[in-house]
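Colleague: Could you take me on a close look at the open sheet in this model, and then at what surrounds it? I would enjoy one connected walk-through.

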Amino acid sequence: MSRFAKSLASILAGASLAAAHGHVQHIIINGVQYPSFDPTSHPYMQNPPTVVGWTAANTDNGFVAPDEFAGGNIICHKSATNAGGYAVVAAGDKVYIQWDQWPESHHGPVIDYLASCGSTGCDAVNKADLEFFKIGEVGLIDGRQAPGFWGSDQLIANNAGWLVQIPSDLAPGHYVLRHEIIALHAAGQLNGAQNYPQCFNLLVTGSGSAVPRGVKGTALYTPNDKGILAGIYNAPVTYEIPGPALYSNAARGVQQSVSVATSTASALTGGAVPVQTQAPPAITTTASSSPATSTAAASTTVTRGSGNGGRPVPTRCPGLAGRGFDKRRRQAHGANAPQKAAVA
Ligand SMILES: [Cu+2]
């Protein structure tokens, strides 16, 4: 084969083998579905809708690399700006976070944090001031066979969705929920991990009084953390979830299941309301125009998330095209990734 033909072949192979990444489509709280930020369409709209998800520049469904852990991008993804709206959730209730899809090769932990915005809402808070405390974490579930069965695999098996529980003793108020998958398929090398955070604004109601301590987003991780610089291809796989310790009263072992929306709601706006123990503000619901097609919980179908509407999704790992399209990196994104381990 000529040199040209060879490199063309390798490019084609890389393009077809690289897995598609994903993004969060919506969240569901007690059957009410709130649309989130869509990085593949909202940045191209003149007047994108006000949603509960923070806006970010991950139009390629891409990630934040460890060499950005000390900068603002790790907080709520690339160049993130505040969500204009929020959803209401009672302390102790669960938030279901629906991704459009997640590639099987991108094994890693699923981690959730909250950070208080105080009493004035999260729509104008300075993200650099947010102090995050961890309320959920699922890392390696079974490492007997490499690369192991992970939180990300559980998410895939749960219709690409994830349930996180708001601590029941949490003081009411406005909070940023920071949800994150860390893909470790290339994390055996420095700067090889891939963080996919997405933030949402929540108004937590209830009568709790706990105000957990947190850490700034830029202090969550370092490139050399055990859970960031972590090989996953040698059995038995072991793993230590990175980030601060789980909040002492966080719900542990939340049973994952699929939430089904019975109605949709627009994001609420105007955050500066004092929160007491009364019922949450009325939510105007409309008949669901695009009900979640998820089937009943428990019957964890391994399918892509619903609601993509058949639009084509990016099929290339970000950062692979253009500069630095090198073999090592392409392999890291699944071209030569080991086959799926046969775990339950
Ligand atoms: Cu990738």
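Modeller: Gladly. In this predicted model, the open sheet is built from six strands, arranged in the order 3-11-10-5-6-12 with mixed pairing. Its edges are strand 3 (87-90) and strand 12 (215-216), each of which pairs on one side only. At the strand 12 end, the partner is strand 6 (residues 131-138), and the two run antiparallel over two bridges. One residue pair to look for there is Phe-132, whose bridge partner in strand 12 is Val-215. In general, strands of a sheet pair through backbone hydrogen bonds, either parallel or antiparallel.

Now the other edge. Ahead of strand 3 comes a loop from helix 2 (73-76), and Ser-79 sits in that loop. Ser-79 has a positive phi of about 50° although it is not a glycine. It counts as exposed, because only 11 C-beta neighbours fall inside 10 Å and the cut-off for exposed is 12 or fewer.

Ala-87 takes us into the interior: together with Ile-27 it has the most contacts inside the largest nonpolar core, a set of 81 residues. Ile-27 and Ala-87 also touch each other, and the other contacts of Ile-27 include Val-52, Val-95, Ile-97 and Phe-200, leaving aside residues up to four places away in sequence.

Ile-97 is a good stepping stone to another strand pair. Strand 4 (residues 94-99) pairs with strand 9 in the antiparallel sense over five bridges, and Ile-97 stands opposite Trp-162 of strand 9. Strand 9 (residues 161-165) is largely enclosed by the rest of the structure, because four of its five residues are buried. In the loop that leads from helix 3 (151-157) to strand 9 you will find Asn-159. Like Ser-79, Asn-159 is not a glycine, yet its phi is positive, about 60°. Asn-159 is buried, since 28 other C-beta atoms lie within 10 Å and 20 or more is enough.

Next, follow strand 12 onward. The loop between strand 12 and strand 13 (263-265) holds Pro-236, and the peptide bond from Ala-235 to Pro-236 is cis, with omega near -5°. Arg-144 touches both Ala-235 and Pro-236, not counting residues up to four places away in sequence. The C-alpha atom of Arg-144 is 8.9 Å from that of Thr-238, although the two residues are 94 apart along the chain. Arg-144 itself belongs to the loop between strand 7 (140-142) and strand 8 (149-150), and with 11 C-beta neighbours inside 10 Å it counts as exposed. Pro-147 lies in the loop between strand 7 and strand 8 too, and a cis peptide bond with omega of about 0° joins Ala-146 to Pro-147.

Stepping back, the chain has four helices and 14 strands, and 49% of its 344 residues are buried. Of the contacts between residues at least 6 apart in sequence, 79% join residues at least 24 apart.

A word on confidence before you zoom in further. The average pLDDT is 81, and 73% of the residues score at least 70. Residues 274-280 have pLDDT below 50, and that stretch has 10 contacts in the model beyond near neighbours in sequence. Residues 318-344 also stay under 50, with 50 contacts beyond four places in sequence. Where pLDDT is low, the predicted coordinates should not be read in detail.

Notes. Residues numbered from 1 in each chain as written. Predicted model: local features only at pLDDT ≥ 70, side-chain atom pairs only at ≥ 80, totals over all residues. Core = buried A, V, L, I, M, F, W, Y, C linked by C-beta atoms within 7 Å. Contact = placed C-beta atoms within 7 Å. Pairing = 2+ DSSP bridges. pLDDT = per-residue confidence, 0-100.
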